[in-house]
Amino acid sequence: MTSTTARRAVIIHGYSATPQDHWFGWLAEELGTLGIATAVPAMPTPEAPEPGPWLRTAGDAIGVPDEQTTVVAHSLGCLTVLRYLAALRTPWRLGALVLVAGFVDPCPALPNLDDYISGGCPVNGLAERIDRLALFRSDADDYVPIEHTDRLAASLDTTTVVVPGAGHFLGSDGVTTLPQVLDVLI
């Protein structure tokens, strides 16, 4: 499939975040300087996320991806993006998918998200439709167990990239830029 569309990127934030938080704005600006139009949609009710509205918002931003599309997601945004891609019935191909602190299993530190996470996400076959796939995790995440991200990576037939000391990749962890993600995308 050959695409004639311009490169574009979508960044999906996670639980309790906004598009202005953490490293999202920095990454959008960096991609913009490279001529990549980037959207960072505000997910509805980020303090009390619901799967339906989050899937609709992610879907509206991503649309039907092609080889010129990049999607970057953080934390609960990863599960949302994976669910959206798994549910797409239209033929699609994704140029790049970067998951930061991703998981599809309940997290003991976030029991209030158990209903959202319930059922995980079938990821079989998704990696075959993605040209570049990268998963990042820290060695010291207080919210998402290391095993969760590593298990997700294995189910997507890839490995994780460890960013030492990055916590959950939050601004409060000191993460306001994420050059490792930018390096994967350029």
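Colleague: Before we start on Thr69, what does buried mean here?
Modeller: Buried means under 20% relative accessible area. Please bear in mind that this is a predicted model.

Colleague: Then is Thr69 buried or exposed, and why?
Modeller: Thr69 has 0% relative accessibility, so Thr69 counts as buried.

Colleague: Which strand is Thr69 found in?
Modeller: Thr69 belongs to strand S3, which covers residues 69–74.

Colleague: And which residues does Thr69 touch, not counting those up to four places away in sequence?
Modeller: With those set aside, Thr69 is in contact with Arg8, Leu94, Gly95 and Ala96.

Colleague: Turning to the cysteines, how many disulfides does the structure hold?
Modeller: The structure has zero disulfides. For Cys78, the nearest cysteine sulfur is that of Cys107, 11 Å away. A disulfide requires the two sulfur atoms to be within 2.5 Å, and Cys78 is in no disulfide.

Colleague: What about Cys121: which cysteine sulfur is nearest?
Modeller: That of Cys78, at 11 Å, and Cys121 is in no disulfide either.

Colleague: Are Cys78 and Cys121 buried or exposed?
Modeller: Cys78 counts as buried because its relative accessibility is 0%. Cys121 has 12% relative accessibility and therefore also counts as buried.

Colleague: Now the pockets. What volume does the largest pocket have?
Modeller: Its volume is about 170 Å³. The lining comprises 13 residues, and those closest to the centre of the pocket are Tyr15, Ser16, Tyr143, His168 and Leu170.

Colleague: How many residues of that lining are nonpolar, polar and charged?
Modeller: Eight are nonpolar and five are polar, while no charged residue lines the largest pocket.

Key: Residues numbered from 1 in each chain as written. Predicted model: local features only at pLDDT ≥ 70, side-chain atom pairs only at ≥ 80, totals over all residues. Heavy atoms only, no water. Helix = DSSP H or I, 4+ residues; strand = E, 2+ residues; numbered from the N terminus. Buried < 20%, exposed > 50% of the residue type's maximum accessible area, 1.4 Å probe, protein only. Contact = heavy atoms within 4.5 Å. 1 Å grid on protein atoms, 1.4 Å probe; cavity = no way out; pocket = protein on both sides within 12 Å on 5 of 7 lines; lining within 4 Å. Points joined across faces, edges and corners; volume = space filled by probe spheres on them. Nonpolar A, V, L, I, M, F, W, Y, C, P; charged D, E, K, R; others polar.
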